[in-house]
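Open the model in your viewer and keep a selection box ready. Each stop gives something to select and says what is there.

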Amino acid sequence: MDDADLAASLDLDVALRAIGATADVDDVDGLRRELIGKKSRVAAVKVGIKNLPNDAKPVVGAAVKEFTTAVSDALDSRRSEIEREALAKRGPAVDFTLGTHGRRRGHLHLITQTQRELEDVFVALGYQVAEGPEVEDDWHNFEALNFPPGHPARAMQDTFYVQLGEPEQVVLRTHTSPVQIRVMETQPPPIFSIMPGRVYRNEAPSPRNSSVFHQIEGLAIDRGITFGDLAGTMQAFTTAYFGEGVRSRLLPSYFPFTEPSAEYGVSCPFCDGGGCRVCSHTGWIELGGAGMVDPNVLVNVGIDPEEFSGFAFGFGIERMPMIKYGVQPIKTFFDDDIRFLEQY
Ligand code: FA5
């Protein structure tokens, strides 16, 4: 058989029937090698073209091209067809997308939401957020804060002791003020930090008090910080959190680690200071403590009180949504009742 006969022997119909009869992708790949591979008949014809008379070359070349293209296209589409059939046999596709699909989405707990709102207000004023441990030593929770052993002010914060080391030396922190000490011990002034977190007190639960609750502490230390800066910061916070028209006030108070010390309160947002049940008819709501950092505390952490001064404040986080949304008693936050939690 010469090359022209060979070209004529490239029977496309036979090839297409064979392709149509394949059962799986291995059959298709095998047939591809057989029909248009290196050792196929069409490959031999292609090699022989150069020996043909000139007038036969384009005719045979075109026949080879037509055969190769048609067979290759038919093999491709048969292969896709087999793959589609195999996929269809596997049954419906499994949807791995994590979606809600009719289930209700959860959200952050009201206390976490409040903590983040408070953080946002102070971060916008230029404060950084710091954290400290909930299991604390006596130095950070009390002594460095000017509560020496036996000091009567320790009784202001009934303490849970942890049985570790020397007796009564490891406590569940009773306030977030020990984080002030930790920040000042590790960072030189200027310091503008807030310190939110969970605290513990060994006290009987009441509508307003819980043995586990949250506080947010603030600390500003720099040259020339005055009580006026504290008052201005408290008012800026009050307006940012409670809105225009709510006033703040600082009344004389006592904390061992601030001098002078103040009680921070806001005019009742419900009665605009006129007196109502929420504010016990006083027109004011007490939110926390504040004051100028006592020079002894600065000395305890190695900051020169002749050069630097500062203020600190600390308020209860639960008190904020209790006022804003009228939540009572405080234990409502921790009952895990979804009907309460999903409202906020
Ligand atoms: C302190 O804890 C001081 N460390 C605050 C402070 C910081 C003063 C910096 C000066 C400078 P006090 O014990 O008053 O202070 O608590 C502060 C606030 O925490 C209270 O005003 C109240 O809002 C909240 N709080 C206190 N005890 C409880 C409790 N058992 N349950 C819920 N909230 C409480």
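The tour goes from the domains to a helix pair, then to a sheet and the helices on it.

**Stop 1: the domains.** This is a predicted model. Colour residues 3–90 as domain 1 and 110–341 as domain 2, following the domain assignment. How far apart do the C-alpha centres of the two domains lie? The answer is 83 Å.

**Stop 2: α4 and α5.** Select residues 41–48 for helix α4 and 57–89 for helix α5. The two pack at an angle of about 155°, with axes 10 Å apart. That angle is over 145°, so α4 counts as roughly antiparallel to α5. Their crossing is left-handed. Now show side chains. From α4, pick V42, V45 and K46. They meet V60, V64, F67 and T68 of α5. Sorted by class, this contact has 5 nonpolar residues, 1 polar and 1 charged.

**Stop 3: the sheet.** Show the strands as a cartoon. There are 7 in an open sheet, and the order reads β1-β4-β5-β9-β8-β7-β6. Pairing in this sheet is mixed. Which strands stand at the edges? Select 128–129 for β1 and 248–255 for β6. Each has a single partner strand, so one side of each has no neighbour in the sheet.

**Stop 4: β8 and β9.** Move to residues 284–293, strand β8, and 309–316, strand β9. These strands run antiparallel, and 5 bridges join them. For one bridge pair, label M292 and its partner in β9, F311.

**Stop 5: helices on the sheet.** Add helix α8, residues 177–186. This helix packs on the sheet and touches β4, β5 and β9. Its direction makes about 140° with that of β4. Next add helix α6, residues 110–124. Helix α6 lies across β1, β4 (191–200), β5 (212–222) and β9. Relative to β4, α6 runs at about 165°.

**Stop 6: α6 and α9.** Keep α6 and select residues 227–242, helix α9. These helices pack at about 130°, and their axes are 10 Å apart. At that angle, α6 is oblique to α9. The crossing here is right-handed. Which α6 residues meet α9? Show T114, E117, L118, V121 and F122. Opposite them in α9, select T233, F237, A240 and Y241. By class, the contact holds 6 nonpolar, 2 polar and 1 charged residues.

How values were computed: Residues are numbered from 1 along each chain as its sequence is written. This is a predicted model: local features need pLDDT of at least 70, side-chain atom pairs count only at pLDDT 80 or more; totals for chains, interfaces and linings use all residues. Side-chain values use heavy atoms; hydrogens and water are left out. Axes are lines fitted to C-alpha atoms, for helices over the stretch in contact, and angles run from 0 to 180 degrees between N-to-C directions. Helices (H or I, at least four residues) and strands (E, at least two) are DSSP runs, numbered from the N terminus. Angles under 35 degrees count as roughly parallel, over 145 as roughly antiparallel, 65 to 115 as roughly perpendicular and the rest as oblique. A crossing is left-handed if the near helix is turned anticlockwise from the far one by less than a right angle, and right-handed if clockwise. Contact means heavy atoms within 4.5 Å. Ala, Val, Leu, Ile, Met, Phe, Trp, Tyr, Cys and Pro count as nonpolar, Asp, Glu, Lys and Arg as charged, and the others, Gly among them, as polar. Domain bounds come from an automatic or database domain assignment. Two strands pair if DSSP finds at least two bridges between them.
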